[in-house]
Structures are given as C-alpha cells and as structure tokens.
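Reader: I'd like to go through this model with you and ask what stands behind each label. Can you put it up?

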Amino acid sequence: MIEARHLRVLRAVATTGSFSAAARELGCTQPAVSQQMKALESSAGTPLLIRTGREMRLTQAGEALVRHAAGILAGLTAAEEEVAAIAGLRAGRVRLVSFPSGSSTLVPTALAALRAEHPGTRVSLVEAEPPRSVEMLREGDCDVALAFRYEGRREAPQGREGAGAHSAEEWDDLVVRPLFADRLVGLVPEGHRLASAGARGPVTIDAFADESWIAGCPRCRRQLVEVCRGAGFEPRIDFATDDYPAVVGLVGAGLGVAVLPELAIESVRPKGARTVTVEPAVEREIVALTLPDLAQVPAVAATLDHLAKAAAR
C-alpha cells in the first residue's frame, strides 16, 4: 500500500534532485529519506528512481506517481481538515497565497474578519503571482489562491502581476470565486507633463510611449530574524511578503507585528506621485481559487466568503 508520507518524500526528491536536498526541505535526515524511498519502491513493485552519481532521475513509473501525487495529497488534506472540523478537534488551517497588491488590500480586511469570527482558525500567507500561485494550488502547497486574469486574454501567461494572466480555460478544473474588476491606472510624478493632462481627463496609453517604466521592489527579511535571535527568540513568521504596503496593512488589521525602516513606512504614502486614468480601459478580474475538494472544507469556505465580503466594500 502506498502511503501519503512516502508520496511527500518522492515529490520532494523529484523537486530537489537529491536525497540530501529533500531531507533539508522536509526537515529530516538523509537516511530517513532513503528508507522511505525504498519502502515506496517496495510498495510500488518497481524502481521509481535511477541513481547516477549524485543525481536522481525519475523512472517512467516515478514520473507517473509524482504526477498523481499532488491530487492525492490535496485530497487527503481536504479529508483531514473536514473530518477535524466535523469532530470539533480544531477549527482548521488555511494556507493562502496572494499576489502583492492583493496582500495589501483585500487580505488584511478578510483575514481580520475571519479571525474575529473564527478565532481558532489559523491562516498563513505567502506571496506568489499567477501562474505560480495557481501551480502551488494544484501541487497541494496552498489551499486558496488569490489571483487575477485580464479581460479577453487567451495568450500564454507572462508571469508578472502587471502583465499577462491565465486564460479562462486554464481554470476549468478549479473552483473560481469572482471578486471584482480592477482597472489599471497610470502613475506619474508630480509636475510630469501627463499629470496636468490627466487632471483634465483620460490619457491615451500611447502618451506613455517614450517614458521609462518602473516595476518591482527589494526583497529581504534577514535583518528581522537576526534582531529577534539577538533578543533570544525565533520569530514565527505567518505572513511573508516583500511588499511594504502589505506589511503595514496586515499590522493595521491587527494580524501581527513588524519591524520596518522609517524609509519603508514613508514609501507606503503616495507622496510625489499622481494617478491618471488611462484609455482604453484595461481591467483584470480578481478571483479567489481553490480545488473542488478543498472548497468543502469549512475553514477554506469561510476564507472565500470573507475575501468576497472584503472585495464588496
């Protein structure tokens, strides 16, 4: 009989490429990984890995098992959560993944309301943009994905928050909770030639043709961990975000504490910039996604409901 713990080990080995790397990811020893892989191959009745020096390569049977592992593990997670909620052992756990601008707007309001209504429910947050966030959902690495797609887009996703999205067909196997339509706006410095033009009405997108564009933000949390360790404790980080506005929003909603440089706090304020309406209008549909099995889990359903309520405000 194939066991779920063996499937998790196989997936880790396939992802990392070695027993030692899989052991580090799973928080166990290399011999333990080796033993579990031997047990899994014994249960399967066929080799699953080919060992060539330090490298590990999946056999055809191994590839097939890894392909099915994500759905199996997601189904087991859904079963465990639903049984636990019914039995009253715990209210549940939800792993949420969101793109950065969703983390700083919808997520704080939704999670604060969820915590107030269901204080025993623990929610963790990590950030990823589509298509990675949707891949994480299908791979069993999260329970709810806050994602987006653009109207009428059918081309392949570009993998950035500001450009590209999933086509409708890519979500046919998921439960899709539409939240709202988010119109894109231009952002220019105060005193810019388009700032005054925008005050008089919409600006056509070709007016930006010769402009320099800015995207992205710095990413580092090492200082926080070092400060806490210097004080004698290891911080429990439930909400991981590289976006400073998201940090401020989460703290403001009462979901935790943070340590930020003054400059980072200052950067949250829209000082020195103006928004302008751009034509033709471009909207992205903001949605919450989950798997059909997970949609039946009470904690996941409550999270979807609170995201929808936050979007309606």
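Reader: Which strands and helix do the buried residues of helix 12 pack against?

Author: They pack against strand 3 (93-98), helix 6 (106-117), strand 5 (144-150), strand 6 (175-183) and strand 10 (283-290). Contact here means heavy atoms within 4.5 Å. Bear in mind that this is a predicted model, where local features need pLDDT of at least 70, side-chain atom pairs count only at pLDDT 80 or more, and totals for chains, interfaces and linings use all residues. Residues are numbered from 1 along each chain as its sequence is written, and side-chain values use heavy atoms, with hydrogens and water left out.

Reader: Which residues in helix 12 are buried, and what makes a residue "buried"?

Author: The cut-off is under 20% relative accessible area (over 50% is exposed, in between is partly exposed; 1.4 Å probe, protein chains only). In helix 12 the buried ones are A299, V300, A302, T303, L304, H306, L307, A310 and A311. Over the chain, 38% of the 313 residues count as buried.

Reader: What makes the span of helix 12 close to the expected one?

Author: The expected span is 1.5 Å times one less than the number of residues. Helix 12 (residues 298-312) has 15 residues, and from first C-alpha to last it reaches 21 Å, close to the expected 21 Å. Helices are DSSP runs of H or I with at least four residues, strands are E runs of at least two, and both are numbered from the N terminus. The chain has twelve helices and ten strands.

Reader: Why are helix 1 and helix 2 called oblique to each other?

Author: Their axes, those of residues 4-16 and 19-26, cross at roughly 120° and come within 8 Å. Axes are lines fitted to C-alpha atoms, for helices over the stretch in contact, with angles from 0 to 180 degrees between N-to-C directions. Under 35 degrees is roughly parallel, over 145 roughly antiparallel, 65 to 115 roughly perpendicular, and the rest oblique. Helix 1 and helix 2 are therefore oblique.

Reader: Which residues meet where helix 1 and helix 2 touch?

Author: R8, V9, A12, V13 and T16 of helix 1 meet F19, A21, A22, E25 and L26 of helix 2. In helix 2, F19, A21, A22 and A23 are buried, and their cover includes helix 1, helix 3 (30-44), strand 1 (49-52) and strand 2 (55-58).

Reader: What is the phi of G27, which follows helix 2?

Author: The phi of G27 is positive, near 75°.
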